[in-house]
Amino acid sequence: MDFFTLTPAEWDIIHLSYKVALCCLLVNLIPAIITGFFLARTNFFGKSLVETLIYLPLVLPPVIPGFVLLVLFGNHGVIGKHLSPFGLEFAFNWKGAVLASAVMGFPLMVQSVRLAFEMVDKRLENVAKTLGASPVATFFSVSLPLAKSGILVGAILSFCRSLGEFGATITFVGNVEGETRTLPLAMYSLLQSVDGESQMLRLLGFSVAVAFSALWFSQWYGRRERMKLQA
């Protein structure tokens with residue numbers, strides 16, 4: 001087998017990883033936009049506490065959010081036991097991997113979206129309102145288009161964070177081949193095997209290439225959009 005040629009099993013791992021990351025992005029997108037806009041445009045008692053709770057997964061050991069998810073959404077968890085009769089189970093399947101990745105990626109996306117909305121000139125929003133636009137119309141016609149670069153950057157960061165999620169995922173859904181074994185979990189498993197070094201290096205190289213390309217694009221695109229606004 002050529003070192004640079006991925007095997008069908010490795011493609012299956014990549015396919016699962018991208019399915020989880022894409023679903024994570026879809027789950028986070030609208031809540032992150034709403035939360036980021038809310039934090040950027042409002043001040044209220046307890047705002048610092050809300051911000052702390054939102055960003056807490058960024059600084060906690062990933063095992064802690066994973067354990068909390070297991071307690072809440074496990075098959076016998078506080079919430080999970082009420083969902084199991086309806087066939088909705090998160091523990092030890094790919095839907096749980098999506099949930100774990102969403103929890104860990106949400107703060108990154110919120111922070112990027114929030115900064116994007118904070119950079120939008122409020123005078124433009126006020127002009128739209130003066131001309132008779134409703135708050136909802138102002139949001140969709142002025143605020144959202146001007147913040148699109150920050151939203152895209154946040155989406156890319158959330159997507160990449162999902163691809164690299166390990167601690168919360170393995171704690172909550174385990175390392176089940178074909179079901180929850182995403183790229184980082186697969187590389188961890190290969191690292192423990194005697195003859196898995198070449199496979200691990202192939203997956204590692206693929207992961208680094210994708211992450212580098214995504215982050216380079218997000219930085220380039222964000223810088224280009226800022227220059228356009230300043231021109």
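**Exercise 1. Place L163 in the predicted model and describe its surroundings.**

Solution. Step one is the element: L163 belongs to helix α8, which spans residues 148-163, helices here being DSSP runs of H or I of at least four residues, numbered from the N terminus. This is a predicted model, in which local features need pLDDT of at least 70 and side-chain atom pairs count only at pLDDT 80 or more, while totals for chains, interfaces and linings use all residues. Residues are numbered from 1 along each chain as its sequence is written, and side-chain values use heavy atoms, with hydrogens and water left out.

Step two is accessibility: L163 has a relative accessible area of 12% and is therefore buried (buried means under 20% relative accessible area, exposed over 50%, and partly exposed in between, with a 1.4 Å probe and protein chains only). Step three is the list of contacts (heavy atoms within 4.5 Å): when residues up to four places away in sequence are not counted, L163 touches S17, Y18, A21, L183, P184 and V210. Finally, L163 and C24 are 139 residues apart in sequence, yet their C-alpha atoms are 9.7 Å apart in space.

**Exercise 2. Determine whether S112 is buried or exposed, and find what its side chain reaches.**

Solution. S112 sits in helix α5, residues 94-118, and it counts as buried because its relative accessibility is 13%. Its side chain makes a polar contact with the backbone oxygen of G150, at 2.8 Å (a pair of N or O atoms within 3.5 Å; within protein, one must be able to donate a hydrogen and the other to accept it, and residues adjacent in sequence count only if both atoms are side-chain atoms). Leaving aside neighbours within four places in sequence, the residues in contact with S112 are G150, V153 and G154.

**Exercise 3. Identify the residues that touch the most other members of the largest nonpolar core, and the helices that supply it.**

Solution. A nonpolar core is a set of buried Ala, Val, Leu, Ile, Met, Phe, Trp, Tyr and Cys residues joined through side-chain atoms within 4.5 Å. The largest has 21 residues, of which I54, M109, V110, F117, A147 and I151 touch the most other members. At least two residues of this core come from each of α1 (8-41), α2 (47-59), α5 and α8. Apart from this core lies another, of twelve residues, among them L16, L69, V98 and A100. Turning to I151, its contacts, not counting residues up to four places away in sequence, are L29, I33, M109, V113, A116, F117 and L144.

**Exercise 4. Classify the aromatic pair formed by F217 and Y221.**

Solution. Rings of Phe, Tyr and Trp (its six-membered ring) pair if their centres lie within 6.5 Å, and planes under 30 degrees apart count as stacked, over 60 as edge-to-face and the rest as tilted. The structure holds 13 such pairs. For F217 and Y221, the centres are 5.8 Å apart and the planes make an angle of 20°, giving a stacked pair. Because these two residues are four apart in helix α11 (residues 197-230), about one helical turn separates F217 from Y221. F217 is partly exposed, at a relative accessible area of 32%, whereas Y221 counts as buried at 12% relative accessibility. Elsewhere, ring pairs link W11, Y18, F159 and F206 into a cluster.
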